[in-house]
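Me: Hi! I have a structure open and would like to talk through its strands, rings and charges with you. Shall we take it step by step?

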Amino acid sequence: GEADRDYMYLGISRRLENGLYSYTQYRNTAEDGQADVHQFSQYASWTCTQHYRVGGKAAVSVDGEDSKTGAWYADVFGSAYLWKDLTSLRLAFRHYDTGDDLTFDEAKCFLYQRLGSRILFRADYRFYTDSEEMESHAYGIKAKHFLSPRAALHVGYRLYDHKRGADLDSLFAGFSLLL
């Protein structure tokens, strides 16, 4: 059978003056027969003006048995409203190191368009490259309809274009509920 895996999260967030926001988190992952893995992460963002926001997140994992550093990553992003509060652009970059032999980088671009107060469209592009010389482009589109501020339906499609590997093209749909 499959091993049981348990997660425990502990986090603290704080909205500071001058548009600064911080969220610090600790996560413990315990799996049957294996040493716990501890992950520490820090997110911070700054709303520079009413139209611009920048930020980043970094995390590192530590093996509970030998205290050896494992996987780690660092993200940075910037977002801007292009037209009123209806159209926005978000650029993001992530570097990820598995702690073994694989590292990868991702650059992402998201364009959001709001139609009224209940419908949101998103077009996105992602470029991926890794230390095993894999290179991939992904193009996506998603529509989200808010039934209420806490419930939404969504549908989307993602097309992958890469040198090698499995065909990951996907059509997806779902329901989101914020409790």
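Me: Let's begin with the rings. How many aromatic pairs does the structure hold?
Reply: Happy to help, and please keep in mind that this is a predicted model. Counting ring pairs over the structure gives a total of 9.

Me: Take Tyr96 and Phe104: is their pair stacked or edge-to-face?
Reply: Their ring centres are 5.0 Å apart, with 10° between the planes. Planes under 30 degrees apart count as stacked, while edge-to-face needs over 60. The pair of Tyr96 and Phe104 is therefore stacked.

Me: And which description fits Phe110 and Tyr112, stacked or edge-to-face?
Reply: Here the centres lie 6.2 Å apart and the planes meet at 25°. Pairing requires centres within 6.5 Å, and stacking requires planes under 30 degrees apart. The pair of Phe110 and Tyr112 therefore counts as stacked.

Me: Is Phe104 buried or exposed?
Reply: The relative accessible area of Phe104 is 15%. Buried means under 20%, so Phe104 is buried. Its stacking partner Tyr96, at 23%, counts as partly exposed.

Me: Which residues are linked into a cluster by ring pairs?
Reply: The Tyr96 and Phe104 pair from above belongs here, as both residues are in the cluster. With the other two members added, the ring pairs link Tyr73, Tyr96, Phe104 and Tyr128.

Me: Which ring does the charged end of Arg90 sit over?
Reply: The charged end lies 4.1 Å from the centre of that ring. The ring belongs to Phe77.

Me: Arg94 lies over the face of a ring too. At what distance from the ring centre?
Reply: The ring in this case is that of Tyr73, a member of the cluster we discussed. Arg94 is placed over the face of Tyr73, and its distance from the ring centre is 4.2 Å.

Me: Which residue meets Arg94 in a salt bridge?
Reply: The N to O distance in this salt bridge is 2.6 Å. Arg94 is in strand β6 (residues 87-97) and its partner is in strand β5 (residues 69-83), 19 residues apart. Arg94 is partly exposed at 24%, whereas the partner counts as buried at 19%. That partner is Asp75.

Me: What network of salt bridges includes Arg126?
Reply: Arg126 forms a salt bridge with Glu106, with the closest N and O atoms 3.7 Å apart. Arg126 lies in strand β8 and Glu106 in strand β7, so the pair ties together parts that are 20 residues apart in sequence. Arg126 and Glu106 are both buried. The network consists of Glu106, Lys108 and Arg126.

Me: Over how many bridges do β7 and β8 pair?
Reply: Strand β7 covers residues 103-115 and strand β8 covers residues 119-130. One of the matches puts Asp105 opposite Thr129 in β8 as its bridge partner. The two strands pair in the antiparallel sense, and the number of bridges is 12.

Me: Zooming out, which strands stand at the edges of the sheet?
Reply: The open sheet has 11 strands with antiparallel pairing, in the order β1-β2-β3-β4-β5-β6-β7-β8-β9-β10-β11. Each edge strand has a single partner, so one side of it is left without a neighbour in the sheet. The edge strands are β1 (5-15) and β11 (170-177).

Me: Last one: is Gln50 buried or exposed?
Reply: Gln50 is found in the loop between β3 (37-47) and β4 (52-63). Its relative accessibility is 68%, and exposed means over 50%. Gln50 therefore counts as exposed.

Notes: Residues are numbered from 1 along each chain as its sequence is written. This is a predicted model: local features need pLDDT of at least 70, side-chain atom pairs count only at pLDDT 80 or more; totals for chains, interfaces and linings use all residues. Side-chain values use heavy atoms; hydrogens and water are left out. Rings of Phe, Tyr and Trp (its six-membered ring) pair if their centres lie within 6.5 Å; planes under 30 degrees apart count as stacked, over 60 as edge-to-face and the rest as tilted. Buried means under 20% relative accessible area, exposed over 50%, partly exposed in between (1.4 Å probe, protein chains only). A charge sits over a ring if NZ of Lys or CZ of Arg is within 6 Å of the ring centre and within 35 degrees of the ring normal. Helices (H or I, at least four residues) and strands (E, at least two) are DSSP runs, numbered from the N terminus. Two strands pair if DSSP finds at least two bridges between them. A salt bridge is a side-chain nitrogen of Lys or Arg within 4 Å of a carboxyl oxygen of Asp or Glu.
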